Amino acid sequence: MKEYRHMQIRNILIFLLIGIAIALTIGVYMVQEDKDELQASIQCTGEIGLEVGNCAPDFMLTTIDGESLRLSESNGKPTFINFWATWCGYCRDEMPFIQKAFEQYKDQIHFYMVNATSTETSLADVKKYLDDHQYSFPVLLDPKKENQTVTFGQYEAIGLPMSFLIDREGRIVQKVGGALEEKKFIQMLKQVMK
């Protein structure tokens, strides 16, 4: 009886070890697949950084509508990124002409309006602000995760607004700290669409 019980325990342990080995193999494969997929979607080669000429740091955020967007999945379209908050006066000043440009150029340029969500009073306030002004550009939420945000950590925004214009290959072609001027903004967009 004792020998039968030891055999059962040994078989259970072997079964568990095989299960763990299979789970680890699948996990490693999935992580490698995710890495390969990310690498395949990144078109920019060169130094990753925040200066003009650098490859823009990749990020993935969720839109206010719940859709996940990754910067590197631009499908060969230029991207305009604007870091903003509802409490920022300069941000509020530039949003009407960013909305107008979005309506005109959304088929040629990605517009990623990244809300510094970690600094907002509530998500409801952000939604109300967007609804009140009828803004339809994509708004990505940037809450604090693991003591860091894309806005203030990865993209080192020391103030808001902060904007980046990224070309089709994922390279930064314009970086603007502070408020945009409408005419210069439109010129920037037209330059990157050539």
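Select Phe 80, Phe 97, Phe 102, Phe 111 and Phe 185: ring pairs link these residues into a cluster. Keep in mind that this is a predicted model.

**Stop 1: around Phe 111**

Stay with Phe 111 and show its neighbours. Leaving out residues up to four places away in sequence, Phe 111 touches Phe 80, Phe 102 and Phe 185. Its contacts also include Ile 98, Ala 101, Tyr 105, Lys 106, Pro 138 and Leu 189.

**Stop 2: the core**

Now widen the view. How many residues does the largest nonpolar core have? It has 50. Those with the most contacts inside this core are Phe 59, Phe 80, Ile 81, Phe 111 and Tyr 155. Select these five and colour them.

Next, colour the elements that each supply at least two residues of the core. The strands are strand 3 (79-84), strand 4, strand 5, strand 6 and strand 7 (172-177). The helices are helix 2 (89-105), helix 3 and helix 5 (182-193). Which element gives the largest share of this core? Look at helix 2, which provides seven residues. In soluble globular proteins, nonpolar side chains tend to be buried together.

**Stop 3: two ring pairs**

The count of aromatic pairs comes to eleven. Visit two of them.

Select Tyr 135 and Phe 137. Their ring centres are 5.1 Å apart, and their planes meet at 15°. Planes under 30 degrees apart count as stacked, so this pair is stacked. Are these residues buried or exposed? Tyr 135 is buried, at 12% relative accessibility. Phe 137 is buried too, at 4%.

Move to Tyr 155 and Phe 164. Here the ring centres are 5.1 Å apart and the planes stand at 75°. An angle over 60 counts as edge-to-face, so that is the name for this pair. Tyr 155 is buried, with a relative accessible area of 1%. For Phe 164, also buried, the value is 0%. Tyr 155 has come up before, among the core residues with the most contacts.

**Stop 4: the largest pocket**

Turn to open space. Rolling a probe the size of a water molecule over the atoms shows where empty space is left. The largest pocket has a volume of about 310 Å³. Its lining has 20 residues. Which of them lie nearest the centre of the pocket? Select Thr 63, Asp 65, Phe 137, Pro 138 and Val 139. Strand 2 (68-70), strand 4 (110-115) and helix 3 each give two or more residues to the lining.

Colour the lining by residue type. Nine residues are nonpolar, five are polar and six are charged. Two names should be familiar. Phe 137 belongs to the stacked pair, and Pro 138 is touched by Phe 111.

**Stop 5: the backbone in the loops**

Go to the loop between helix 3 (123-133) and strand 5 (139-141), and pick Gln 134. Gln 134 is not a glycine, yet its phi is positive, at about 55°. Gln 134 counts as exposed because its relative accessibility is 66%.

Then find Glu 156, in the loop between helix 4 and strand 6. Phi of Glu 156 is positive as well, near 50°, and this residue is not glycine either. With a relative accessible area of 53%, Glu 156 is exposed.

Finish at Pro 161, in the loop between helix 4 (150-154) and strand 6 (162-166). What joins Leu 160 and Pro 161? Show the backbone there: the link is a cis peptide bond, with omega about -5°.

How values were computed:
Residues are numbered from 1 along each chain as its sequence is written. This is a predicted model: local features need pLDDT of at least 70, side-chain atom pairs count only at pLDDT 80 or more; totals for chains, interfaces and linings use all residues. Side-chain values use heavy atoms; hydrogens and water are left out. Helices (H or I, at least four residues) and strands (E, at least two) are DSSP runs, numbered from the N terminus. Buried means under 20% relative accessible area, exposed over 50%, partly exposed in between (1.4 Å probe, protein chains only). On a 1 Å grid over the protein atoms alone, a cavity is a set of points where a 1.4 Å probe fits but cannot get out, and a pocket is an open set with protein on both sides within 12 Å along at least five of seven lines; lining residues have an atom within 4 Å of a point. Grid points are joined across faces, edges and corners, and a volume is the space filled by probe spheres set on the points. Ala, Val, Leu, Ile, Met, Phe, Trp, Tyr, Cys and Pro count as nonpolar, Asp, Glu, Lys and Arg as charged, and the others, Gly among them, as polar. Rings of Phe, Tyr and Trp (its six-membered ring) pair if their centres lie within 6.5 Å; planes under 30 degrees apart count as stacked, over 60 as edge-to-face and the rest as tilted. A nonpolar core is a set of buried Ala, Val, Leu, Ile, Met, Phe, Trp, Tyr and Cys residues joined through side-chain atoms within 4.5 Å. Contact means heavy atoms within 4.5 Å.
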